[in-house]
Amino acid sequence: MLVFKCPYCGIEADETELSPGGEAHLKRFGPGSSDEELEGYLFNRENPKGVHFERWRHVYGCGKWFHAARCTATLEVFGTYSAQTFGPPKEIIDIIKSKRPGWKWRNLG
Amino acid sequence: MKRYSVFAVAREALRYHQGWGRAWKSPEPKKKYDAIIIGAGGHGLATAYYLGKNHGLKNVAILEKGWLGGGNTGRNTTIIRSNYLQDASAAIYEKARSLYETMSQDLNYNVMFSPRGVMMLAQTQHEIRGYKRTAQANALQGVSTEFISPEKVKSLVPIINIDGPRYPVLGALWQSRGGTARHDAVAWGYARACSDMGMDIIQQCEVTGIRHKNGQVQGVETSKGPIDCQKLGIVVAGHTGVLADMAGFRMPVEAVALQALVSEPIKPCMDVVVMANTVHGYMSQSDKGEMVIGGGADGFNNYTQRGSFHHVEETVRALIETFPIISRLKMLRWWGGIVDMTGDRSPILSKTPVGNIFINCGWGTGGFKAIPGSGWAMAELMAKGHSSLTEEFSLNRFKEGKFIDESVAAGVAH
């Protein structure tokens, strides 16, 4: 079972206490954007086999949304961080790089 | 290929069964093929089979990272049905179901297709309305289904408790020609037939890169060296995202784990497939006597082919209310498969942004039932560039908003 530390209430929460919210840091597109941009935002997903940034909600706890970095191939959790950010913070990237030497993804790493 | 028949069994019985040959060859890859299929699961092998059988394209290699049929083909609950709401889905799933009826004869391989009937329980007023609507739609689509009463349910499934306190059985959508088949035999039968046509099934051969130039595919890099091809079919279910990334495009697909379990074997007690979608569980009894139980998928990206205890608990807890008889059974085996989920829960059979790369994915939680129809349609798409069965399942439907929305329509657990 996955265990995440909620960055808001500080509790080590089991997967059953949380609700998954899909890929993190999506750039949102609305009216006026192109078909491709809208399709990419609504449907296309990174879906990597490895490091993945995602949204979770501490639904049976404080109720807050937060971000997590997790490996989809091993289920290892690298860390959690605040929802009020457009990308993973440096300390999370450093943890991932120390555990996955040579890791690169899109414009990160 | 030596044909399997009653005479072959008798002949081998007289010589201590020493004359059975290998069912398929395990060759080393050639430098170049007309077409390469990535993924030797049911869908990949069926695609290759119909490329050869229907379109005469036999210089084909099927590349498999692990072993033949070792992915989701070996990890499902073997249910076959075609009671979908949308016309495009009904067409391809009904094509598949009808091909299952003659598959054993067609492949000369016993896939143990058992048209025992599939029942989807209606346990809320909403489900009654939904299934009555599906039955009407199916009648128009030429798919034989009917909405049956709780009494009929009880007579077909004597072990069911139709008076459950929370979710009583209020009726069911019944497809009498649905059923189950032996999942491994489907892969093995297609593999044997493909090998017999001269196709190369190359196992333990992982694709590590896809070469393309000026928007046209040239070949693949593999753990057994580079192989050139004119056409490439990607049929890899859960690993679709990984392969699409190699080819340089993105897909509207996410990989999640779906799990199932079987109980210890017991005497025959249920001869139909029962799906209970409101409480989220489905069950059938295998020929060995095990109760085969499936539940819902995880809600997060996962490539581990592992299940989780709380999902098992959730599924079994739900089924025990409807089937009190199973409450003391022990769990025998438990497994997870990586399924590829699309936004509208319908598959993608399509051309891709790279010329002559075709993709067949997104079958999500319901791929096994579609194997022959999917292979038939994908082969036509690869050979001719278009197919009436795949037209509406193209990648463009997301951009154009023309979804085949089975996530709310099929009334099935997703």
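In this predicted model, strand S3 (residues 19–23) of chain A runs antiparallel to strand S4 (residues 51–57) of chain A, and three bridges join the two. One of the pairings places Ser19(A) opposite Arg57(A), its bridge partner in S4(A). S4(A) also pairs with strand S5 (residues 65–71) of chain A, again in the antiparallel sense, over seven bridges. Here Trp56(A) has Phe66(A) as its bridge partner in S5(A).

Chain A meets chain B through 16 of its residues, which are in contact with 19 residues of chain B. On the chain B side, the elements that give two or more residues are helix H7 (240–247), strand S12 (253–263), strand S15 (291–301) and helix H10 (396–400). By class, this side of chain B consists of eight nonpolar, eight polar and three charged residues.

Helix H7(B), one of the elements that touch chain A, also has residues that are buried: Thr240(B), Gly241(B), Leu243(B), Ala244(B) and Ala247(B). Because these residues cover an arc of only 165 degrees around the axis, they lie on the same side of H7(B). The general geometry of an α-helix is relevant here: with 3.6 residues a turn, residues three or four places apart point the same way. What covers the buried residues of H7(B) includes several strands of chain B, namely S1 (32–38), S9 (207–213), S11 (227–234), S12, S16 (331–342) and S18 (357–361). Just after the helix, Gly248(B) adopts a positive phi of about 90 degrees.

The interior of the model can be followed through its nonpolar cores. The largest nonpolar core has 93 residues, and those with the most contacts inside it are Ile36(B), Leu45(B), Val60(B), Ile62(B), Tyr190(B) and Cys194(B). Helix H3 (residues 87–107) of chain B gives the most to this core, contributing nine residues. At least three residues of the core come from each of two domains of chain B, domain 1 (23–109 + 182–252 + 344–409) and domain 2 (118–178 + 255–342).

Which residues is Tyr190(B) in contact with, leaving aside its neighbours within four places in sequence? They are Leu45(B), Ala46(B), Tyr49(B) and Leu107(B). Of these partners, Leu45(B) is itself listed with Tyr190(B) among the residues with the most contacts inside the largest core. Apart from that core lies another, of 31 residues, among them Val262(B), Val279(B), Tyr282(B) and Ile293(B).

Definitions and conventions:
Residues numbered from 1 in each chain as written. Chains lettered and ligands numbered in written order. Predicted model: local features only at pLDDT ≥ 70, side-chain atom pairs only at ≥ 80, totals over all residues. Contact = placed C-beta atoms within 7 Å. Helix = DSSP H or I, 4+ residues; strand = E, 2+ residues; numbered from the N terminus. Nonpolar A, V, L, I, M, F, W, Y, C, P; charged D, E, K, R; others polar. Buried ≥ 20, exposed ≤ 12 C-beta atoms within 10 Å, placed from the backbone. Arc of directions from axis to C-beta. Core = buried A, V, L, I, M, F, W, Y, C linked by C-beta atoms within 7 Å. Domains from an automatic or database assignment. Pairing = 2+ DSSP bridges.
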